Amino acid sequence: MSAALLFSAFFVTGCNKSNSQANKQELHIYSIIHEEETEALIKLFTEKTGIPASFLRASTGELVNRVINEKDNPQADILLGGATSYHMQAAKEGALESYSSEVAKDLPDFAKAKDGTWTAFCYLTLGIGVNKTRFAQKFPELSFPRTWDELLNPAFDGEIVLTNPVASSTAYLFVQNQLQRLGEEAGWEYLLNLSKLVGQFPDSGSAPAKLLGTAEYAIAVSYLHSLAKYASDGFDVLAIAPPQTVAEVDCISIMKNSKNLDAAKAFVDFMLSKEAQELMSSMDFTVPVNPAAKGAEGSISVQELDLINYDKEKASNEKAAVLEKWTQNVK
């Protein structure tokens, strides 16, 4: 079997291929967002445009590395999801196409690259999750941790779940949150002390909220929208927005040398639309970037949060050095 056929076997098809012309223009997507949301978005996109699409779902680190390694002969057209620092990394490697969608003209400047290599479609905000039942059983005399510093309580040893920042954009955003909140020296001291209390470092950014929902841990660091979704689904999860947290954006990019450039541009336009962002929020409680779109009831607006002045350029520029230090000292 050829390499191309082997690769295509990994893609999940979003719709039926109606004819040979549709087959030729099928859009291939690397998706960092959840499979359920990706499938729903692709279905709506195909209904609106007639363009069939398929996707491969994997962690941020894996897919960004694929994009960079395949830049001369991309095996997909779209990178869907991931914080700005990862898209900046791919852009610096010459792996992304420049496209400034007309739909993005009303977005705030921080939500789109000046050179058009990436555009945001939803906000990502970090928070603390607590499984209320497990916490009460494990720590009957303690209050829920409501600040980042309260996570350093030695009593929480083994009861915290945090993703691996080498693989997950969620955890790298958390690492940068602490480095930029506290400064380099104090930030690393905090991270090293916290790492000693962490019971598991899964690679997937969605894992902490899931492990919290199933009561395998009492505490998790996760995106607030993931925690809110589990709470809405009936799990015994409390989402806490600590002061001095960070808000980032989830982005979409087109691969350089995309074989389906027109279809890829159409998908970017679609993801920036009110309809697509409200669909996504209804499923995972993310907050839309499009000012015309409304977040789902139960989602936590960025206007309600105490945020640091997050420097995404700094986060992108020092990513390799930070992750190397993390690997050497933590995992």
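This passage looks at helix α3, the cysteines and the salt bridges of a predicted model. Local features need pLDDT of at least 70 and side-chain atom pairs count only at pLDDT 80 or more, while totals for chains, interfaces and linings use all residues. Residues are numbered from 1 along each chain as its sequence is written, and side-chain values use heavy atoms, with hydrogens and water left out.

Helix α3 covers residues 35–49; helices here are DSSP runs of H or I with at least four residues, and strands are E runs of at least two, numbered from the N terminus. The end C-alpha atoms of α3 lie 21 Å apart, in agreement with the 21 Å expected for 15 residues, taking 1.5 Å times one less than the number of residues. Among the buried residues of α3 are Leu 41, Ile 42 and Phe 45 (buried is under 20% relative accessible area, exposed over 50%, partly exposed in between, with a 1.4 Å probe and protein chains only). Their cover includes β2, β3, α11 and α12. Gly 50, with a positive phi near 80°, follows the helix.

Helix α3 is also tied to α12: Lys 48 forms a salt bridge with Glu 275, with N and O 2.9 Å apart (a Lys or Arg side-chain nitrogen within 4 Å of an Asp or Glu carboxyl oxygen). These partners are 227 residues apart. The whole structure holds 10 salt bridges, including Arg 134 with Glu 159 at 2.8 Å.

As for disulfides (cysteine sulfur atoms within 2.5 Å), the count is 0. The sulfur of Cys 122 is 8.7 Å from that of Cys 251, its closest, so the two are too far for a bond.

Note on methods: Contact means heavy atoms within 4.5 Å.
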